[in-house]
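Dear colleague,

I am passing a structure on to you, together with some notes on its charged side chains. Please look through it first and then read on.

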Amino acid sequence: MNGAGGRRRPPTIHDVAREAGVSRGTVSRVLNGGHYVSPAAQEAVNAAIRRTGYVVNRHARSLITGRSDSIGFLLTEPQERFFEDPNFNVLLRGCTQALAAHDIPLLLMLAGTEDERRRITRYITAGHVDGVLLVSSHSGDPVAERLREAGVPLVACGKPIGVASKVSYVAADDRDGARDMVRHLLSLGRRRVGTVTGPLDTPGGVERLAGYQEVLAEAGLEFDERLVVSGDYSRASGEAGAERLLAQAPDIDAVFVASDLMAQGVLTALQRAGRRVPQDVAVGGFDDSPAAVASSPELTTIRQPWDRISNEMVRVLLAQIGGEDPAAVILPTELVKREST
């Protein structure tokens, strides 16, 4: 396989066919899914690919199939949030691994501003990716609707607000997880349970607040607006939220925080105010992210099944690319008890 000047040329599909003792057409069918190929021929082709070191020319394949053979991971948040929030990295790693099993690369796209969202939408709708895994879609964010209208296969992480019946999504059961956490706090004898919510223009923020309110009503406790402050899932917003709670309701004895990262900020504010955790104020988070075990004390939290979420997002998206209708998957959460309650 040497060309001019002794340079080694890359192996071709013809080399694979000759090595495997099959036709070029058989090799092509194996590379495109193995339809109408006997197990023996498929094994011979795969062995020949390993021996020759053949690598699929994705550009050439895309000219034939009309597909890019790549998937976009689109985060509609400011870039700094990607590096601060460990959940995004866990989800990205899981989706990357799930797609690697199909030999499909994942392209990370960050679009935190309207200009960035417009540019990324143009890029996606031009056919540079076959589908999109959309993460952190706020109410009023037009990306999901634009991509849906353009016919781009799309799966959202979390139930998208406003277009849920038209867009595939995979979500943890945010409301049920919140209910489990608030019931746990009440079971400890706490009665002044505050909450730092997630953004109320996101599905997680809305559903976790709803679960908190439902359990208070279930327990016969009157809803008190002074016990509710909102955050944006950042550590700084958790710290600021706890300070507001202490000012508005100094008798709080527990806080349900809608993310572990915000809960770290809550712990900082409580400790600065001289409140012991959990003796004076019990604190519960949400996610079971690396932030939960990096906290002092370690956080009682609600575990989201990130591996299953990643795998299901990829499965649903590939099915949609293959022609199936949009689907919704809701996965159960789990209460994890640690030192903060």
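Is E114 buried, partly exposed or exposed? With a relative accessibility of 28%, E114 counts as partly exposed. Please keep in mind that this is a predicted model.

E114 is paired with R146 in a salt bridge, in which the closest N and O atoms are 3.0 Å apart. Because R146 belongs to helix α8 (residues 143–149) and E114 to helix α7 (residues 114–128), the pair ties together parts that are 32 residues apart in sequence. R146 is itself partly exposed, its relative accessible area being 28%. Both residues also belong to a network of salt bridges that links E114, D115, R117, R118 and R146.

A second pair sits within one helix: R18 and D15 both lie in helix α1 (residues 13–20), 3 residues apart, or about one turn of the helix, and their side chains meet in a salt bridge at 2.6 Å, N to O. The two partners differ in accessibility, for R18 counts as exposed at 59%, whereas D15 counts as buried at 4%, the cut-offs being under 20% for buried and over 50% for exposed.

The side chains of D280 and R276 likewise meet in a salt bridge, at 3.0 Å from N to O. D280 is partly exposed, with a relative accessible area of 26%, and R276, at 48% relative accessibility, also counts as partly exposed.

These pairs are among the 25 salt bridges that a search of the whole structure finds.

With best regards

Definitions and conventions:
Residues are numbered from 1 along each chain as its sequence is written. This is a predicted model: local features need pLDDT of at least 70, side-chain atom pairs count only at pLDDT 80 or more; totals for chains, interfaces and linings use all residues. Side-chain values use heavy atoms; hydrogens and water are left out. A salt bridge is a side-chain nitrogen of Lys or Arg within 4 Å of a carboxyl oxygen of Asp or Glu. Helices (H or I, at least four residues) and strands (E, at least two) are DSSP runs, numbered from the N terminus. Buried means under 20% relative accessible area, exposed over 50%, partly exposed in between (1.4 Å probe, protein chains only).
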